[in-house]
Amino acid sequence: MTEPYVWWAILGITLATFITRSGPHWLGERLRIPPTFDSALRFAPACALAAIIAPDLLFVGDSLVLTFENPRWMAGLAAAAVFAATRSMIATIVGGMAIFWLLKAWLGA
Amino acid sequence: MVKSGLGVTEAIVLSLLAYAGSAQLAALPLMASFAPIWLVIVTAVIVNLRFVVYSVMARSHFAGLSTTKRIWLGYLVGDIMFARFSALLEREPNYPHRVAYYFGGASCNWMWWQVSSIIGILAATAIPISWGLELAGTLTLIALLVPLCRQWPVLAGAAVAAVTSVIAHGLPFRLGLPLAILFGVAVAFVVDRRRMAA
């Protein structure tokens with residue numbers, strides 16, 4: 001993939017970045033949104049995070065694994081508990097990864 | 001990215017310009033099969049849809065700035081910084097240095113994302129996928145999500161978004177993500193309304 005095509009595609013993806021992230025700012029006040037919708041948007045960050053996290057924890061490759069054979073969701077749950085107890089992001093990451101690797105070794109996966 | 005056949009230079013330029021992890025990953029298979037450029041753009045836009053939501057929400061806070069500044073501030077938005085920014089606004093809606101707070105955090109996030117992304121591109125073949133190191137990224141997001149869920153409407157919305165996202169995981173263009181956000185926000189909104197009416 002070294003032809004001009006690749007560079008056009010790279011430019012295209014960059015354009016998509018600007019359209020989605022900067023578009024609403026560029027339009028600014030010209031973009032009219034009903035106030036009810038505007039107030040609903042404050043729920044968006046938590047929903048977006050949950051929507052990114054859930055498949056990351058519950059899918060192993062392409063398949064949904066909800067059993068104890070999947071260490072990812074258990075590590076995620078443990079990480080949430082560590083955060084609730086310590087309020088520390090570093091502790092959450094280190095604790096979660098430690099539990100993940102321990103479970104992985106224990107499950108022999 | 002490198003493992004799917006993109007050159008190291010191209011992968012680094014793509015990362016520096018597009019600054020969009022999931023859009024980049026979604027576009028790769030299309031690029032590998034020389035899909036039309038418009039399809040690559042449409043796919044990247046769809047995968048990036050959540051940033052439209054973020055930018056629409058942040059828009060009023062940057063209202064006094066020049067168009068150029070607003071465009072660059074918008075470009076710098078990321079999941080982590082946006083979560084922190086909205087947590088700040090939840091505590092102090094009229095915090096006077098909110099633009100500086102956003103810019104400082106977002107540009108640091110950009111820089112470190114790029115540094116780690118480039119290390120990843122260069123070391124692609126050295127780190128075995130079996131280590132599951134990418135889970136650390138997910139754990140970071142968990143640490144951001146937990147403090148946001150202290151209110152019932154948010155917790156309900158996040159739960160619905162999580163379930164929807166898992167069910168819709170197989171949809172093309174990662175459409176499950178914007179769909180899950182939409183459902184989650186709608187449920188949070190309804191729960192919030194009911195609580196206020198009660």
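Trainee: What makes a residue of chain A count as buried, and what share of the 109 residues does?

Mentor: The model is predicted. A residue is called buried if 20 or more other C-beta atoms lie within 10 Å of its own. Of the 109 residues of chain A, 39% count as buried.

Trainee: How do you know whether chain A has the radius of gyration of a compact globule?

Mentor: The rule is 2.2 Å times the number of residues to the power 0.38. For 109 residues that comes to a value near 13 Å, but chain A has 20 Å. Chain A therefore does not fit the globule rule. Along the principal axes, its C-alpha atoms fill a box of roughly 55 × 45 × 25 Å.

Trainee: Which elements does chain A have, and in what order do they run?

Mentor: Chain A has five helices and two strands. From the N terminus, the order is α-α-α-β-β-α-α.

Trainee: How many residues of each chain take part in the contact between chain A and chain B?

Mentor: Chain A gives 59 residues and chain B gives 74 residues. On the chain A side, helix 1 (4-27), helix 3 (44-58), helix 4 (71-86) and helix 5 (89-107) each supply at least two residues. Helix 1 of chain A gives the most, with 20 residues.

Trainee: What is the make-up by class of the side of chain A that touches chain B?

Mentor: That side has 42 nonpolar, 12 polar and five charged residues. Gly counts as polar here, so any Gly on that side falls among the 12.

Trainee: What share of the contacts in chain A with a separation of 6 or more joins residues 24 or more positions apart?

Mentor: The share is 29%.

Terms used
Residues numbered from 1 in each chain as written. Chains lettered and ligands numbered in written order. Predicted model: local features only at pLDDT ≥ 70, side-chain atom pairs only at ≥ 80, totals over all residues. Contact = placed C-beta atoms within 7 Å. Helix = DSSP H or I, 4+ residues; strand = E, 2+ residues; numbered from the N terminus. Buried ≥ 20, exposed ≤ 12 C-beta atoms within 10 Å, placed from the backbone.
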